[in-house]
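Work through these short exercises on charges and burial. Try each task before reading its solution.

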Amino acid sequence: MKTLNIATRQSPLALWQAEHIKSRLEELYPDLTVNLVTMVTKGDKILDVPLAKIGGKGLFIKELEEALYEKRADIAVHSLKDVPMELPDGLTLGAYCERHRPTDAFVSNNYKHINDLPQGARLGTSSLRRQCQIAQFRPDLQIISLRGNVGTRLSKLDNGEYDAIILATSGLMRLGLDERIRHELDTIVSLPAVGQGALAIECRADDTAVLALLKPLNHEQSKICVLAERAMNRHLQGGCQVPIAGFATIENDKLVLNGRVGSVDGKILLKATHANLLTDDHVENALIADNVGIVVAKNLLMQGADKILADIYQNA
């Protein structure tokens, strides 16, 4: 290939992600010309409605996928937590890049720690996952919906609309906004979203040339972890914008997955964990990851996760 086109949203974070992959590819293939094809998605346009009510985070990638189908683009770079569990026919994730910080960040101009927030303080987040976990940890807080890109959310905080907001640590760091992070929430308080902190590259499933180009960008340990998380979410029939948390790690050659499902008000928070030894075989490890995810999901369903999720879908 002489030229490769990357479909990307126009938000600063999306552009950072696309530029990051562009530079990685240019380092690997000095003779390759890489172009960015920018576009605005439906999720970028509708900012006054909670995501759960308008279709979830899949709204941020639909136009990018159309560009892949129409061959206006060869790849699309996504934050994996925004990618639906089932991809459209003919498309695949050609690479799972090395995961960055997966945690949630506490951001405030007046308080150093979430524990320092006074009773009734206004906390902003766009995520039902964060909302349900923080509502259980601090039921006294007012948790208020917060939409927009990172800059917009920080502006709303700076304008005094919120006492604190919660954002993804990785997004702030990628934009060079590390100084805005007061602290990273412990995963005991807020378990990350499925795929949080990882970038994935989507392409056409039959495009062997592109798949070959992307192969060096794949990070096997990150891939195994997020495959387990996504298998759990898929078995729960959960989307990207529901109160489901899933975070896998590899410890001493063992894949460990923690999963949670909670009611939006934080009154119920179901938890499950499962672990399995990995092998030296990548294909076998992918099957192990899938099984670990399904075991955790079944455990959560036995505890009543299906009823919680059904209520949320009914009221969305």
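**Exercise 1: A charge network**

Task: find which residues are linked with Asp 74 in a network of salt bridges.

Solution: Asp 74, Arg 204 and Asp 207 form a network of salt bridges. A salt bridge here is a side-chain nitrogen of Lys or Arg within 4 Å of a carboxyl oxygen of Asp or Glu.

Before going on, note the ground rules. This is a predicted model, where local features need pLDDT of at least 70, side-chain atom pairs count only at pLDDT 80 or more, and totals for chains, interfaces and linings use all residues. Residues are numbered from 1 along each chain as its sequence is written, and side-chain values use heavy atoms, with hydrogens and water left out.

**Exercise 2: Bridges between distant parts**

Task: locate the partners of the salt bridge between Glu 184 and Arg 101, and state how exposed they are.

Solution:
- Step one, the distance. The closest N and O atoms of Glu 184 and Arg 101 are 2.4 Å apart.
- Step two, the places. This pair links distant parts of the chain, 83 residues apart: Glu 184 is in strand S9 (residues 183–184), and Arg 101 is in the loop between strand S4 (91–96) and strand S5 (104–107). Helices (H or I, at least four residues) and strands (E, at least two) are DSSP runs, numbered from the N terminus.
- Step three, the exposure. Buried means under 20% relative accessible area, exposed over 50%, partly exposed in between (1.4 Å probe, protein chains only). Glu 184 is partly exposed because its relative accessibility is 28%. Arg 101 is partly exposed too, at 37%.

**Exercise 3: A second pair**

Task: do the same for Asp 158 and Arg 180, which form a salt bridge.

Solution:
- Step one. Their closest N and O atoms lie 2.7 Å apart.
- Step two. Asp 158 sits in helix H6 (residues 150–158), Arg 180 in the loop between helix H7 (169–174) and S9; the pair links distant parts of the chain, 22 residues apart.
- Step three. Asp 158 has a relative accessible area of 42%, so Asp 158 is partly exposed. Arg 180 has 18%, so Arg 180 is buried.

**Exercise 4: Around helix H4**

Task: which residues in helix H4 are buried?

Solution: in H4 (residues 62–69), Glu 63, Leu 64, Glu 65, Ala 67 and Leu 68 are buried. An α-helix has 3.6 residues a turn, so residues three or four places apart point the same way. After H4 comes Lys 71, with a positive phi near 60°. Arg 72 forms a salt bridge with Glu 70, their closest N and O atoms being 2.7 Å apart.
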